[in-house]
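Student: I'd like a close look at one part of this structure, taken slowly and with its surroundings. Could you pick one buried spot and build the picture outward from there?

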Amino acid sequence: MEYSLFCHHFYALSVSPVKKKLGLLFIMLLLWVYMLYSCVGYCATMPPGLVVDNNNNIRAKETDFLGKYAEAESGRPDLMMSKLLPRPQSSWTDVESDYDEPSVRRAPRDFSKDEGDVDRAEEWDDGRRVSSLSSFSNGSGNKKLPQAIIIGVKKGGTRALLEFLRVHPDIRAVGAEPHFFDRNYDNGLDWYRDLMPKTLEGQITMEKTPSYFVTREAPARIYALSRDTKLIVVVRDPVTRAISDYTQTLSKKPDIPTFESLTFKNRTTGLIDTSWSAIQIGIYAKHLDNWLQFFPMSQILFVSGERLISDPAGELGRVQDFLGLKRIITDKHFYFNQTKGFPCLKKAEGSSKPHCLGKTKGRTHPNIDPEVVQRLRDFYRPFNMKFYQMTGHNFGWD
């Protein structure tokens with residue numbers, strides 16, 4: 001009888017609904033702790049080869065490139081290295097000075113060229129700061145080397161294009177100009193990668209440095225990094241671009257000579273001074289020829305600076321197609337600001353308010369002698385014709 005009573009109480013206790021729930025919760029807690037422990041253990045024991053492999057892959061690409069280059073030069077390592085190592089700047093290649101875009105600095109004393117990089121504090125009218133890392137960098141994801149680079153041209157509309165592209169959810173771009181392939185190459189790939197924003201799987205990392213297009217060493221260096229890099233060049237009527245370039249410099253150095261005096265070596269003969277960087281940059285065909293030694297035309301997209309103003313959605317559509325992305329940026333993202341004379345974003349990245357590019361964009365150009373403008377158009381015409389043939393596109397500058 002006592003045994004039977006004990007069994008009865010034990011059975012009642014074991015099937016109690018409260019006890020059942022507590023038991024299930026205890027089992028679930030044990031499973032959760034086990035899964036957490038397993039995850040932490042896996043992450044802690046993951047081999048560091050994943051990071052090393054990424055670096056090794058990059059080095060392998062560089063080694064493969066150097067090896068092929070050495071074979072092409074028939075055992076002439078001096079010729080091979082002369083293509084990749086920095087050279088003394090000649091008057092022709094030193095055309096990237098006086099940029100007014102945000103620029104990454106290695107140290108305060110390293111880039112004291114002039115005031116060209118001063119206008120970096122406020123890129124938007126409401127004071128939204130341009131950072132070398134996007135606001136996404138504190139979240140999840142990994143820092144990757146860029147798969148696409150805006151390589152030029154200065155005063156062509158590169159800042160507008162980059163800010164428009166940053167609206168796309170699958171594009172992450174560094175705000176400041178890294179200048180890795182021209183000024184900071186000796187800092188190494190780890191330094192360059194660390195500047196990039198974090199990205200998730202399927203997102204594209206981008207950067208822009210317009211001086212790459214006119215830097216002789218840049219094509220070989222980017223090719224050594226990745227021969228699959230997609231390149232974007234924003235081009236603009238070279239005469240208008242030269243005047244805009246001069247206007248930018250004039251805003252910082254009011255005592256510089258007149259545009260006319262800088263344009264000509266001899267005003268009487270009409271000989272154009274091609275040593276002046278404002279003139280050099282606009283000879284697009286010459287610079288493009290350097291890039292075609294390393295990259296096929298299919299990997300280079302040319303964006304019209306004029307159409308970027310008149311039809312931003314159309315040009316952005318071409319860029320999105322080129323990058324293999326869905327056309328998300330459309331007409332609904334833009335409105336035209338009559339005061340500035342430029343399209344603006346209805347909502348910029350990280351903001352719910354309309355934004356236009358800052359006061360350093362859209363400066364009023366000085367009046368230039370029409371005869372000087374015509375001389376410049378005559379000078380650029382044959383170069384433009386060659387550029388049209390190379391790209392297969394008539395930009396209508398003549």
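Tutor: Happy to! Let's start with Phe334, which counts as buried because its relative accessibility is 9%, under the 20% cut-off. Please keep in mind throughout that this is a predicted model. Phe334 sits in strand S10, which covers residues 334-337. Setting aside residues up to four places away in sequence, Phe334 touches Phe164, Pro312, Ala313, Leu316, Ile329, Cys344, Leu345 and Lys346. That list gives us two trails to follow, one to a pair of helices and one to a disulfide.

Let's take the helices. Phe164 belongs to H5, while Pro312 and Leu316 belong to H13, and these three residues also take part in the contact between the two helices. The other participants are Leu161 and Leu165 on the H5 side and Val319 on the H13 side. Two packed helices are described by the angle between their axes and the distance between the axes. For H5 (residues 158-165) and H13 (residues 312-322), the angle is about 75° and the axes are 11 Å apart. An angle from 65 to 115 degrees counts as roughly perpendicular, and H5 and H13 are therefore roughly perpendicular to each other. Phe334 thus touches residues from either side of this helix pair, with Phe164 on one and Pro312 and Leu316 on the other.

While we are at H13, have a look at Glu315, which lies in that helix. What is the relative accessible area of Glu315? The value is 2%, so Glu315 is buried. Its side chain has polar partners: Glu315 makes a polar contact with the side chain of Arg307 at 2.9 Å, and the side chain of Glu315 also reaches the backbone nitrogen of Ser304 at 3.0 Å. Beyond its neighbours within four places in sequence, Glu315 is in contact with Val303, Ser304, Arg307 and Leu308.

Now for the other trail. Cys344, one of the residues that Phe334 touches, forms a disulfide with Cys356, and the two sulfur atoms are 1.7 Å apart. The structure holds 1 disulfide, and the link of Cys344 and Cys356 is right-handed, with 100° about the S-S bond. Cys344 lies in strand S11 (residues 342-345) and Cys356 in the loop between S11 and H14, so the bond ties together parts that are 12 residues apart in sequence. Cys344 is buried at a relative accessible area of 1%, and Cys356 is buried as well, at 4%. To place Phe334 relative to the far end of this link, note that its C-alpha atom is separated from that of Cys356 by 10.0 Å, with their positions 22 residues apart along the chain.

Stepping back, where does all this sit in the wider packing? The largest nonpolar core has 35 residues, and Ile151, Phe181, Phe213, Trp291 and Phe387 have the most contacts inside it. At least two residues of this core come from each of several elements, including strand S2 (148-152), helix H7 (218-225) and helix H14 (370-391). H7 gives the most, with 5 residues. Phe334 belongs to a second, separate core of 26 residues, which also includes Ala160, Val303 and Leu323. Val303 is familiar from the contacts of Glu315.

For contrast, here is the largest core seen through two aromatic residues. Phe213 touches Ile151, Gly152, Val153, Val233, Tyr284, His287, Leu288 and Trp291, leaving out residues up to four places away. Tyr212 is in the loop between strand S5 (204-208) and H7, and it counts as buried because its relative accessibility is 0%. Among the contacts of Tyr212, again without neighbours within four places, are Ile149, Ile151, Phe181, Ala218 and Trp291. Tyr212 and Ile149 are 63 residues apart in sequence, yet 9.5 Å apart from C-alpha to C-alpha. As for H7, 8 of its 8 residues are buried, so the helix is largely enclosed by the rest of the structure.

To come back to where we began: Phe334 is a buried residue of strand S10, touching Phe164, Pro312 and Leu316 as well as Cys344.

Technical notes
Residues numbered from 1 in each chain as written. Predicted model: local features only at pLDDT ≥ 70, side-chain atom pairs only at ≥ 80, totals over all residues. Heavy atoms only, no water. Core = buried A, V, L, I, M, F, W, Y, C linked by side-chain atoms within 4.5 Å. Buried < 20%, exposed > 50% of the residue type's maximum accessible area, 1.4 Å probe, protein only. Helix = DSSP H or I, 4+ residues; strand = E, 2+ residues; numbered from the N terminus. Contact = heavy atoms within 4.5 Å. Disulfide = S-S within 2.5 Å. Axes fitted to C-alpha atoms, helices over the stretch in contact; angles between N-to-C directions. Parallel < 35°, antiparallel > 145°, perpendicular 65-115°, else oblique. Polar contact = N/O pair within 3.5 Å; in protein donor to acceptor, adjacent residues only side chain to side chain.
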